[in-house]
Amino acid sequence: MQASCSFNGPVAVVSLTGRFDFNSHRVFREAIDKGLAEPNVRQLTIDFKSVDYIDSSALGMLMLLKEKADMARKQVTLSNCSGVARQVLDIANFSKLFTME
């Protein structure tokens, strides 16, 4: 998986590409840490537009992100979720934990 972090005012957008699975841990953590470290950022948006697969370890990474964001008083939004990724997030009831666009 590839991940990049860009900033748009108070929003950090972490764009993901490819398979979001166990092997993505380091890449995902590096991207979200950039957004979490920026003091002017109030929201992290995780863009799933180019994600074609997601597994349970990715769900765990999202839960860790939520914990870190809550401690930093930042909101997490999951955007452009579709296909298999959306199905997995729906089965895990992530819409109750995250804002999903």
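**View 1. Asn 93 is a partly exposed residue, with a relative accessible area of 39%.** (Buried is under 20%, exposed over 50%, and partly exposed in between, using a 1.4 Å probe and protein chains only.) You'll find Asn 93 in the loop between α3 and β5 (99–100). Its phi is positive, about 55 degrees, even though this residue isn't a glycine. Helices (H or I, at least four residues) and strands (E, at least two) are DSSP runs numbered from the N terminus.

What you're looking at is a predicted model, so local features need pLDDT of at least 70 and side-chain atom pairs pLDDT 80 or more, while totals for chains, interfaces and linings use all residues. Residues are numbered from 1 along each chain as its sequence is written, and side-chain values use heavy atoms, leaving out hydrogens and water.

**View 2. Asn 80 sits in the loop between β4 (75–79) and α3 (83–91).** Here's another non-glycine residue with a positive phi, about 55 degrees. Asn 80 is partly exposed, at 39% relative accessible area. Its side chain joins that of Asp 47 in a polar contact of 2.9 Å. (That term means N or O atoms within 3.5 Å; within protein, one able to donate a hydrogen and the other to accept it, with sequence-adjacent residues counted only if both atoms are side-chain atoms.)

**View 3. Asp 47 lies in strand β3 (residues 43–54) and is a charged residue without a charged partner.** Asp 47 is buried but has no salt bridge, and Lys 49, the nearest side chain of opposite charge, is 6.4 Å away. (Lys and Arg count as positive, Asp and Glu as negative; His and chain ends aren't counted.) The backbone of Lys 49 does play a part here: its nitrogen is 2.9 Å from a polar atom of the Asp 47 side chain. Setting aside residues up to four places away in sequence, Asp 47 touches Val 13, Val 14, Ser 15, Leu 16, Ser 79 and Asn 80. (Contact means heavy atoms within 4.5 Å.)

**View 4. Gln 43 is also found in strand β3.** Its side chain reaches the side chain of Thr 77 in a polar contact of 3.2 Å. Beyond neighbours within four places in sequence, Gln 43 is in contact with Pro 10, Val 11, Ala 12, Gln 75 and Thr 77.

**View 5. Arg 26 and Glu 30 form one of the five salt bridges in the structure.** (A salt bridge puts a Lys or Arg side-chain nitrogen within 4 Å of an Asp or Glu carboxyl oxygen.) The N to O distance for this pair is 3.3 Å. The two residues lie in helix α1 (residues 25–37), four residues apart, or about one turn of the helix. Glu 30 is partly exposed, at 38%.

**View 6. Asp 33 and Lys 68 make a salt bridge, with their closest N and O atoms 3.7 Å apart.** This one links distant parts of the chain, from Asp 33 in helix α1 to Lys 68 in helix α2 (residues 56–71), 35 residues apart. Asp 33 is partly exposed at 31%, and Lys 68 is partly exposed at 32%.

**View 7. Cys 5 and Cys 81 stay unpaired, because their sulfurs, 17 Å apart, are too far from each other for a bond.** The structure holds zero disulfides, a disulfide being two cysteine sulfur atoms within 2.5 Å. Cys 81 is buried, with a relative accessible area of 9%.
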